[in-house]
Amino acid sequence: MSHKWLDSLGKTWGNNSPPPLRRESTMGEHNHHLSLGDSSLTLESSNLDTTQLFPLMETKLFKRRWVMLFLFCAYSMSNAFMWLQYSIISNIFMCFYNIDALAIDWLSMIYFLTYIPLILPVMWLLDTKGLRDVVLVGCAFNCIGAWIKTGTADPNMFAMTFFGQFVCSVGTVYILGIPSRLASLWFGQQEVSTACSIGVLGNQLGIAIGFLLPPILVPNVDNMDELAYHIRVMFYISAGVATLIFILVVIAFQERPELPPTQAQAQARNILPDEYSYTASIMRLLRNKSFMLLMISYGLNVGAFYAVSTLLNRMIIDHYPGEEVNAGRIGLTIVIAGMVGSLICGIWLDKTKTYKQTTLVVYLLSLTGMLVYTFTLNLGHLWVVFVTAGGLGFFMTGYLPLGFEFAVELTYPESEGTSSGLLNCSAQIFGIIFTIGQGKIIDKWGTLAGNIFLCIFLLLGSIITGFIKSDLRRQKANQQGKAQVASVSACFPYMRLQVGHCHAGCGLHALWAGSSDCILTLQFTHSVHRTTGPQRPVASGNSDFDINPLKPKHTPARKLQLM
């Protein structure tokens, strides 16, 4: 290397040459050494349980990320509304179709049952085809099911309305695992939990509307023709909204931004399709003890919420006859309070990153809220029920995004859709068990015994949550990126730091630390692999430093080989 170049570099830094730097990282097992005159840069790394050494890549946040989130929320809202449009006025539909309470409950539980066998193939589609295709297919099912139901406002059409509800339930499988995936693909490190919470809010908003509108749109009247007219109006409104949302998704929804929003997402993009095994990913998740504990505890909490939502009308009417509209308003209170809780929990996670602590506290408060609701339901004062139900919803619904984000942390770099899909599968299984079990208990022993039944399982879930090990793998990956930036910045303290583009498919990445006169380019060639056993070094090939001038006509390009 030319001494003249070193002299000019020394003038750029001034008389203080950069001090020797030794950066210790926990990524991989290899060393890089660079000599610059009397200065040296050593990059050294050791083992980490969850991540390996990756080069820095350019990241960027796009404003249209909020459009993607809004479209998903609208789609999720439409589907969730149709889930509860029967059960919240179950006594009216029982009379209209001349069916028993269990048949009405199955119009809600079909959502749970459909999810269980379909979640694995849908997760495979999400990993292989991408986010946009999955959302499009889900929107299509939602729209088709809504239009099928428009022709079922007839006492003899229960089988067809059940089929329409089944088609809508298929669309749900394409919804519930999306929030954490969309948040990771589009949002930055300091807003990913908030974005996931907002994604969950779309579903909760649909549930809230499902509690509020059906009792208003379908009053309890004796005339069957008039009742059929009101039911038909509700179905057509649902179908019209679902169609509009489907058109918007087709036009505007995108797969992912051109540049990743975080270093963790950049690392995930480096994994080539032929190096990723969907089956192996599932098996790794099932062997992850912390994730399995979370999956059980999440299923218990959310399954209890599903049971309460499905059976709310029966519980309220049992103690307050003729209060169908207020039953819907109580459900609305549960969900609105839960939406506030979800948003607050998401913002809190982005600020503190205290995933386990927050999850455990919210779980215990959900148990407390359920106990208070249970023992105040029969006091004879509806305002008390509104207050206690709101407290229950704040924590029980607020838990939903916490579970998603905690799962992503425990399972990184596995697909967010896979982890959240398994969580929701657990929730659907427990939702069916709790809804049928609590319904039978209510029929035989009353609402008090039914709610105590749920409290016992929420206590069990709280205990299980306490045993989850807080292994925040995604946070470690993002911290690694910051550490790499800090290492180069410390070595070249008077130079500005930029991150360059990744050339897809060639494994060549660049990091620039440049002054006004020259740019120092660090290029790394890597072979990136997911590991299924003990961690191994992933860096291979040649690493070199290219000195590329900002003004080529004044300074020729130089190359320094790593020692």
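Okay, so when I say buried today, I mean a residue with under 20% relative accessible area. Keep that cut-off in your head, and remember that what you have on screen is a predicted model.

With that cut-off, 58% of the 563 residues of the protein chain count as buried. The accessible surface comes to about 22,500 Å², and 64% of that surface belongs to carbon and sulfur atoms. The chain has 18 helices and eight strands. If you take contacts between residues at least 6 apart in sequence, 76% of them join residues at least 24 apart.

Let me zoom in on helix α3, residues 90–97. Which residues of α3 are buried? They are Ser-90, Ile-92, Phe-93, Phe-96 and Tyr-97. Looking down the axis of α3, those buried residues fall within an arc of 155°, so they line one face of the helix. A quick reminder from the textbook: an α-helix has 3.6 residues a turn, so residues three or four places apart point the same way. And what covers the buried residues of α3? The cover includes α4 (101–128), α6 (158–173), α9 (224–252) and α12 (289–319). Right after α3 comes Asn-98, and its phi is positive, near 60°.

Now on to α4, where you'll find Ala-101. Setting aside neighbours within four places in sequence, Ala-101 is in contact with Met-94 and Arg-314. Have a look at Leu-311 too: Ala-101 and Leu-311 are 210 residues apart in sequence, yet their C-alphas are 9.8 Å apart in space.

α4 also packs with helix α2, residues 65–84. The angle between the two is about 135°, and their axes are 7 Å apart. That makes α2 oblique to α4. Who meets whom there? From α2 you get Asn-79, Met-82, Trp-83 and Leu-84, and they meet Leu-107, Ser-108, Tyr-111 and Phe-112 in α4.

Last thing, the cysteines, for anyone thinking about disulfides. How many turn up in a search of the whole structure? Zero. Take Cys-139: the nearest cysteine sulfur belongs to Cys-143, and it is 8.5 Å away. A disulfide here needs the two sulfurs within 2.5 Å, so that pair doesn't qualify. Is Cys-139 buried or exposed? Its relative accessible area is 2%, so Cys-139 is buried. Cys-455 has a relative accessible area of 6%, so that cysteine is buried as well.

That's my tour, thanks.

Conventions:
Residues are numbered from 1 along each chain as its sequence is written. This is a predicted model: local features need pLDDT of at least 70, side-chain atom pairs count only at pLDDT 80 or more; totals for chains, interfaces and linings use all residues. Side-chain values use heavy atoms; hydrogens and water are left out. Buried means under 20% relative accessible area, exposed over 50%, partly exposed in between (1.4 Å probe, protein chains only). Helices (H or I, at least four residues) and strands (E, at least two) are DSSP runs, numbered from the N terminus. Contact means heavy atoms within 4.5 Å. Accessible areas come from the Shrake-Rupley method with a 1.4 Å probe; for residues, only the protein chains shown count as cover. The arc is that of the directions from the helix axis to the C-beta atoms. Axes are lines fitted to C-alpha atoms, for helices over the stretch in contact, and angles run from 0 to 180 degrees between N-to-C directions. Angles under 35 degrees count as roughly parallel, over 145 as roughly antiparallel, 65 to 115 as roughly perpendicular and the rest as oblique.
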